[in-house]
Amino acid sequence: MGFLDIRNVTKSYGSVKVLHQVDIEVEEGEFLVLVGPSGCGKSTLLNMIAGLEGITSGDIAIKGRVVNGVHPSKRNIAMVFQSYALYPNMTVGQNMTFGLEMHGVPKAEREKALADVARLLQIENLLDRKPGQLSGGQRQRVAMGRALVRDPDVFLFDEPLSNLDAKLRVDMRTEIKKLHEKLKTTIVYVTHDQIEAMTLSTRIAVMYRGYVQQLGTPREIYDAPANVYVATFMGSPAMNVLPARVTMRDGVPHAEIAVRDGANRFLKFSQANMAAWEGREILLGIRPEAITDPDGADRNSRNIVALTNRIGVTEPAGADTYVTMELGGKDIVARMRADANVAPGADFEFAVNMDKAVAFDPETEDRIAP
Amino acid sequence: MAPAQQDTAVHTGRIARTFIYVVLLVFALFYLLPFFVMLVNSLKPLSEITDGNMMALPRAWTLEPWRQAWSSAQIGVQPTGLKPYFVNSLLMVVPAVAITTVLGALNGYVLTKWTFPGHRIIFGLLLFTCFIPFQIVLIPMATVLGKLGLAGSIPGLILVHCVYGIGFSTLYYRNYYAAFPTELVRAAMIDGAGFFRIFFRIMLPVSGPITVVSVIWLFTNIWNDFLFGASFGGQSQPMTVALNNLVQSSTGVKEYNVHFAGAILAALPTLVVYIVAGRYFVRGLMAGSVKG
Ligand SMILES: Nc1ncnc2c1ncn2[C@@H]1O[C@H](COP(=O)(O)OP(=O)(O)OP(=O)(O)O)[C@@H](O)[C@H]1O
Ligand SMILES: [Mg+2]
């Protein structure tokens, strides 16, 4: 039993089911990120944890106490909203202590909690201002401060950074991470930004169309995505997914890939269990950083395969150069070192790190290896 | 003055602008002229009016018509002046506006932030009251007031005006609160505030502009109402009915200067409400609560 338990939770609006059998166990001190595209049900799930939306079926328990039907203010949670939702008529200080006041905390204690949190977030000089007199980043901090003074069991964040500009977003992301490392409070955090999900979380739940597609650590999600959806959603540029056929050569399974020039390419699998798929079609997933120039190949890999192919487009991006090529009828992106000698239209010997390759069942799109 | 002329996006020609101002000036004159006539004639002795020339300024300035209209003119059969009716109107309009505004605000709050199945139908029915002509309800209303024992009394008038006003005030507040971020209400719920605390601490403090609109509208309508006052006023008739009685009295000479003074007296409170309430018509109360 976890600290926050979401057991077989579903949500329907009338006849429309927007969440299907969600099952997540969150340990104390964890930073769980719910990530997925718009409309996949992230906010709905968060609001159900908060008690702002009813639960159609299933249970949500916090610290072992089932909270279905418990009023939001009695769940000992605090929430940071996407729009910050600061009370416009109150000063920053009043905004932050309103919750404590409503819970009947004596004034002296409120003042102390306020001072502590204000110091933590470095907003001591803003306490007498109204929200209208703050910058976006400051508002964001106040919204977090309002949650922090409560010292709740669980923090809920609904896309707290989505309204900030790119630079501020990165800064606040680091601050949230630091804050979590300092306070060790359990956090459930909603975002549709996969980079935020990777950098902040201890675990990620990737959601799509009301289903949790995969629940795991950022590493697991990145290296062993449960299905094609997760594989292509996480990572930028997205993982290359191309059709291939499993063929045995010298008793070892290979991925045979059709190329427009007629000469099929063979990439040796690192996973022996792919032999079971001999003669069958699969979807092969290779991340752009696993296709490099030979000098840039991962030295720790046990299985670097050389692949000669014609370069399509090159896109220098500062630190790296991205190269597009045709493989298996798809445009495949490869990541070269910035000074790799690549010219559009030329034949080039790529190095493919097959240790990092993933295979999917083309029917179900679920992962079959590794 | 700004040191350099700002180059604005819209260039309105000098001629066009002059034309606009002239037209506006004509409109303003058109509306101000009757008021001017009322004012000057209320300040001169009757003889000056009957001599003709309504437009001229008084030769002998006097406040006597005002004093008469207020305290001694013949209203119906009693020489009471308009004073007691003015008081009646105040006793009617203040509670009616207050009750209607508060109920409208609560309705708007419930209909937007605490929605329940069928809330749209309820709102539709409330809106319907805005479109029912007064005349239709006269007889049923008289029956109800009679049954309640409120016929011919100020509380009866208050009730009638509340019933009629609530559709409008609900409409105003509902539309205003519909644009109020629901996340604020949710945040307050998590903070532990209940139904009324959220209303009084979060919603009401930012409802100034719409309250001004609602108060101006209700005050003007209720103060100026004649039909309900004449029908249900009984012994406690409002100002409008009294003014009518003053002006329409068939005995004696028509004292136009007193009539003008009485008419201005009757219009004064709504004028004051416009000027006073308009000052509180502040914008930007929601600044900074949610991202822009
Ligand atoms: N009150 C409602 N009635 C019917 N459907 C709803 C209601 N609220 C949400 N939905 C549906 O539930 C689904 C999930 O919505 P939700 O707000 O949880 O999405 P989300 O993952 O948070 O998306 P976003 O990233 O855009 O915020 C959506 O398809 C939405 O249309
Ligand atoms: Mg959302």
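Ten residues need no hunting if you start at ligand 1: around it sit A:Tyr13, A:Val18, A:Ser38, A:Gly39, A:Cys40, A:Gly41, A:Lys42, A:Ser43, A:Thr44 and A:Glu159. Keep in mind that this is a predicted model. Below, we look at this shell and then at the largest pocket.

**Who surrounds ligand 1**

- Helix 1 of chain A, residues 42–50, gives the largest share of the shell around ligand 1, with three residues.
- Sorted by class, the shell around ligand 1 holds five polar, three nonpolar and two charged residues.

**How the protein touches ligand 1**

- The side chain of A:Lys42 places an N or O atom 2.8 Å from an oxygen atom of ligand 1.
- With A:Gly39, the backbone takes part: one of its N or O atoms is 2.8 Å from an oxygen atom of ligand 1.
- For A:Glu159, a side-chain N or O atom lies 3.2 Å from an oxygen atom of ligand 1.
- On its own, ligand 1 would expose 640 Å², and the protein buries 57% of that.

**The largest pocket**

- The largest pocket offers about 240 Å³ of space.
- Its lining has 19 residues, and the closest to the pocket's centre are A:Asp223, A:Glu289, A:Ala290, A:Asn353 and A:Lys356.
- Two elements of chain A give two or more residues to this lining: helix 7 (218–223) and strand 20 (347–353).
- The lining of the largest pocket counts nine nonpolar, seven charged and three polar residues.
- Where does the largest pocket lie? Domain 1 (4–233) and domain 2 (240–360) of chain A both give residues to its lining, so the pocket lies between them.

Definitions and conventions
Residues numbered from 1 in each chain as written. Chains lettered and ligands numbered in written order. Predicted model: local features only at pLDDT ≥ 70, side-chain atom pairs only at ≥ 80, totals over all residues. Heavy atoms only, no water. Near = heavy atom within 4 Å. Polar contact = N/O pair within 3.5 Å; in protein donor to acceptor, adjacent residues only side chain to side chain. Areas by Shrake-Rupley, 256 points an atom, 1.4 Å probe, with all protein chains shown as cover. Helix = DSSP H or I, 4+ residues; strand = E, 2+ residues; numbered from the N terminus. Nonpolar A, V, L, I, M, F, W, Y, C, P; charged D, E, K, R; others polar. 1 Å grid on protein atoms, 1.4 Å probe; cavity = no way out; pocket = protein on both sides within 12 Å on 5 of 7 lines; lining within 4 Å. Points joined across faces, edges and corners; volume = space filled by probe spheres on them. Domains from an automatic or database assignment.
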